[in-house]
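Here are some short exercises to work through with the model open in your viewer. Try each task yourself before reading its solution.

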Amino acid sequence: LPESVPLLPYAAAVVEQLQFEEHGLAGLCWAISDRYLDIGDFPNSERFITESNRLYTAVDDKRNMGATIERLGTLALNQGDVVKAFGYFEQYKQINEEACKANPESEDLKNLLAISYEKLGDLFQAQGKMEEALSYFEKETELFEELYAANPRSESLKNGLAISYERLGGIFQAQGKMEEALGYFEKDLKLTEELYAANPHSARLGVGLGVSYEALGKWHAAQNDAKQALHFYRKGLALYAQWHAVTGRPDVGAWIEAVRGRIAALE
């Protein structure tokens, strides 16, 4: 929160005076890291989450060890260090795989493992390594399908499965496998429409449905079907505009401009 920013130097001084020795400091370090992240100070955010990770490691708190390692990977990406990010995300995956092996019935642990696969898939996709990305997204999807089948009332699992379908569709489209891509995009759309219909006041779900429409718009544009591409682009644009007005999210604002450009190119 903005009002907490002036307190950062004081909180940091308290932690430093105590030399990071108490286990109870792990949560405080994490909170300070969060605030630095909020204001875009990545080096200080990394410094404090590193200390939090050290404290959790000292008491063998594997769940929080994993969470802090995932944050370190994200911070490394924010600072442009892909190699370092890969190392952290690989560690995160290993921790979650070991935890799931020890407790194979845990929905929570399987969900964390799916997220770790997603992180690695995103990283490989950003590097253009589509086969590696596909492997991780398929593992992620398999877990979400299993989890959702066991708990079909869960909005978060249904949303996670929808997103994993959208990712697979994007990979197949990038590989020129258009029919496979369409199948996954349609699965994604079915789930996201159901989610949004059940909770139409959710900005997260509204924007997610916009992403699903835009993905299908891109697919039809690649097939030179301007009519259908425009249909889906306009549906996506309407949702982006609706929820950007509410949330002011800058990423959604950028998506609005991108979709407007695609529409203009087809009209």
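**Exercise 1.** Which residues in H4 meet which residues in H6? Find them, then describe how the two helices are arranged.

*Solution.* Keep in mind that this is a predicted model.
- Step 1: on the H4 side, pick out Arg63, Glu70, Thr74 and Leu77; they meet Asp108, Leu112, Lys119 and Leu123 in H6.
- Step 2: take the axes of helix H4 (residues 62-78) and helix H6 (residues 107-126), which come within 12 Å and cross at roughly 20°.
- Step 3: angles under 35 degrees count as roughly parallel, and H4 and H6 are therefore roughly parallel to each other.
- Step 4: add the hand of this crossing, which is left-handed.

**Exercise 2.** Now do the analysis for H3 and H4: at what angle do their axes cross?

*Solution.*
- Step 1: helix H3 (residues 42-58) and H4 have axes that come within 9 Å and cross at roughly 160°.
- Step 2: the cut-off for roughly antiparallel is over 145, so H3 is roughly antiparallel to H4.
- Step 3: the crossing of H3 and H4 is left-handed.
- Step 4: look at the residues that meet. H3 contributes residues including Phe42, Ile49, Asn53 and Tyr56, while those of H4 include Met65, Ile69, Leu72 and Leu75.

**Exercise 3.** Is Thr74 buried, exposed or partly exposed, and what does Thr74 touch beyond its sequence neighbours?

*Solution.*
- Step 1: locate Thr74 in helix H4.
- Step 2: the relative accessible area of Thr74 is 25%. Buried would need under 20% and exposed over 50%, so Thr74 is partly exposed.
- Step 3: not counting residues up to four places away in sequence, Thr74 touches Phe89 and Lys119.
- Step 4: Thr74 and Phe89 are 15 residues apart along the chain, and their C-alpha atoms are separated by 8.5 Å.

**Exercise 4.** Classify Lys93 and His201: which is buried and which is exposed?

*Solution.*
- Step 1: Lys93 is found in helix H5 (residues 82-102). With 8% relative accessibility, Lys93 counts as buried.
- Step 2: list what surrounds Lys93. Leaving aside neighbours within four places in sequence, Lys93 is in contact with Leu113, Ser116, Tyr117, Leu120 and Tyr136.
- Step 3: His201 is in the loop between helix H9 (178-198) and H10. Its relative accessibility is 72%, so His201 counts as exposed.
- Step 4: for a distance check, His201 and Trp243 lie 42 residues apart in sequence and 9.7 Å apart in space, C-alpha to C-alpha.

**Exercise 5.** Which residues of H12 are buried, and how does the length of H12 compare with the expected span?

*Solution.*
- Step 1: for the 17 residues of helix H12 (residues 250-266), 1.5 Å a residue gives a span of 24 Å; the end C-alpha atoms are 25 Å apart, which agrees.
- Step 2: Val252, Gly253, Ile256, Val259 and Ile263 are the buried residues of H12. They cover an arc of only 125° around the axis, so they are on the same side of H12.
- Step 3: recall that an α-helix has 3.6 residues a turn, so residues three or four places apart point the same way.
- Step 4: the face of H12 turned away from its buried side carries the exposed residues Pro250, Ala264 and Ala265.
- Step 5: what covers the buried residues of H12 includes helix H10 (203-222) and helix H11 (226-247).

Conventions:
Residues are numbered from 1 along each chain as its sequence is written. This is a predicted model: local features need pLDDT of at least 70, side-chain atom pairs count only at pLDDT 80 or more; totals for chains, interfaces and linings use all residues. Side-chain values use heavy atoms; hydrogens and water are left out. Helices (H or I, at least four residues) and strands (E, at least two) are DSSP runs, numbered from the N terminus. The expected span of a helix is 1.5 Å times one less than its number of residues. Buried means under 20% relative accessible area, exposed over 50%, partly exposed in between (1.4 Å probe, protein chains only). The arc is that of the directions from the helix axis to the C-beta atoms. Contact means heavy atoms within 4.5 Å. Axes are lines fitted to C-alpha atoms, for helices over the stretch in contact, and angles run from 0 to 180 degrees between N-to-C directions. Angles under 35 degrees count as roughly parallel, over 145 as roughly antiparallel, 65 to 115 as roughly perpendicular and the rest as oblique. A crossing is left-handed if the near helix is turned anticlockwise from the far one by less than a right angle, and right-handed if clockwise.
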